[in-house]
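Q: Please take a close look at one part of this structure and then place that part in the whole. Define the terms along the way.

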Amino acid sequence: MRDTVETSLLLQHRAKEVVPKRNIKKWKKLLGIVILLLLHRIISLVEKWNRSEGTPQVAYTFDAGPNAVMIARDRKNCYSLLLQKLLTSYLSSKF
């Protein structure tokens with residue numbers, strides 16, 4: 001095997017060119033799946049939050065990319081409430 005690694009131009013080409021490109025494609029696909037799951041989680045969280053309050057408290061939209069933008073009536077309290085909701089949602093899904 002050592003001789004093949006040292007002398008095979010094809011194997012050297014695959015190690016330098018083919019494998020890294022394939023790994024990048026796999027990484028991009030995995031990252032896309034993670035982003036999609038996160039976006040679904042954000043949508044679900046916003047919808048549950050608004051249902052639990054009885055009136056819309058926060059909304060979401062998406063920019064030109066996969067970035068969720070959250071809009072709240074009360075920006076001052078939104079950050080702490082969002083963190084609380086995220087932690088509660090995360091902990092309840094783990095236990």
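A: **A nonpolar surface patch**

In this predicted model, Trp27, Leu30, Leu31, Val34 and Ile35 form a nonpolar patch on the surface, together offering about 470 Å² of accessible area. Accessible areas come from the Shrake-Rupley method with a 1.4 Å probe, and for residues only the protein chains shown count as cover. A patch takes residues with over 30% relative accessible area and no salt bridge, joining like charges within 9 Å and nonpolar side chains (Val, Leu, Ile, Met, Phe, Trp, Tyr) within 5 Å. A salt bridge is a side-chain nitrogen of Lys or Arg within 4 Å of a carboxyl oxygen of Asp or Glu.

Residues are numbered from 1 along each chain as its sequence is written. Local features need pLDDT of at least 70, side-chain atom pairs count only at pLDDT 80 or more, totals for chains, interfaces and linings use all residues, and side-chain values use heavy atoms, leaving out hydrogens and water.

Isoleucine 35, one of the patch residues, lies in helix H2, residues 9–53. Helices (H or I, at least four residues) and strands (E, at least two) are DSSP runs, numbered from the N terminus. With a relative accessible area of 31%, isoleucine 35 is partly exposed; buried means under 20%, exposed over 50%, and partly exposed in between (1.4 Å probe, protein chains only). Valine 19 is also in helix H2 and is partly exposed at 35%.

As for the whole, the protein chain has 3 helices and 2 strands, in the order α-α-β-β-α. Its C-alpha trace spans about 70 × 35 × 20 Å along the principal axes. Of its 95 residues, 11% count as buried.
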